[in-house]
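Here are some notes on this model, set out point by point, with attention to one helix and to the packing around it.

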Amino acid sequence: MTLRKLSFALLYAATALVANPGIAGTLSAEERAAIESMRSDSLRRLVIHSEPRDVVDVGYVSKAGEAQTIPANGRLNVVNFWATWCAPCREEMPALDRLRAELGDEAGVIAIATGRNRVEDIERFNEDVGVTMPINLDPRGDLAAAHGAMGLPTTIVFDGEGREIARLTGAAEWDKAGPIIRALAAALAD
């Protein structure tokens, strides 16, 4: 990482600690360029939208069968659509779990099993890959389809109002995305 990229990362991370991402705005061209310059390796495929996309009124269910929606809770949420049969999903899930642990309360990381995934298969998957991600289901793929997530895995970043602001299709090293997520939160809080 160059000194310039490191400076941007530190600036945005520091701002994120005191900012409120619930006041979601639009990224300026400069902010977007600065955040895009932070992407490396598999995260280079993260597409950061110039304008937030509209909220989709389709939900998913928790393991207990409780209806859920993409949170509009004032913080960024990284939502991953995946399946137990998906080899790239198996590869990236531990990195998503590490991102979830790193971000703590700063941002949500939500994994949603899309399509026909039995709870017991998801539990076995989580045990096999060594993750503790909560189980969420999109059994008919309605939420994934509403967001245009045609390939798995697809990861979408939502702002504090539940609007899509970025996406990446395919597996990625999400455990390297903490500075990017913090920078997005800080930039949107301005």
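1. The bend at a residue is the angle between two axes, one fitted to the seven residues ending there and the other to the seven starting there. In this predicted model, helix H3 has a kink of about 35 degrees at Met93, shortly before the proline Pro94.

2. The length of H3 (87–103) can be checked by simple arithmetic: at 1.5 Å a residue its 17 residues should span 24 Å, and because the end C-alpha atoms are 25 Å apart, the two values agree. Just after H3, Gly104 takes a positive phi of about 55 degrees.

3. The buried residues of H3 are Cys89, Glu92, Met93, Pro94, Ala95, Leu96, Asp97, Leu99 and Leu103, and this buried set packs against S4, S5, H4, strand S7 (154–158) and H6.

4. Met93, the residue at the kink, touches Asn80, Trp82, Ala111, Phe125, Val129, Val131 and Met133, when residues up to four places away in sequence are not counted.

5. Met93 is also listed, with Leu76, Trp174 and Leu184, among the residues with the most contacts inside the largest nonpolar core, which has 42 residues. The elements that give two or more residues to this core are strands S4 (77–82), S5 (108–114) and S8 (164–169), together with helices H3 (87–103), H4 (119–129) and H6 (178–189); of these, H6 gives the most, with seven residues.

6. Apart from the largest core lies another, of eleven residues, including Val79, Ile110, Ala149 and Ile156.

How values were computed
Residues numbered from 1 in each chain as written. Predicted model: local features only at pLDDT ≥ 70, side-chain atom pairs only at ≥ 80, totals over all residues. Heavy atoms only, no water. Core = buried A, V, L, I, M, F, W, Y, C linked by side-chain atoms within 4.5 Å. Buried < 20%, exposed > 50% of the residue type's maximum accessible area, 1.4 Å probe, protein only. Helix = DSSP H or I, 4+ residues; strand = E, 2+ residues; numbered from the N terminus. Contact = heavy atoms within 4.5 Å. Expected span 1.5 Å × (residues − 1).
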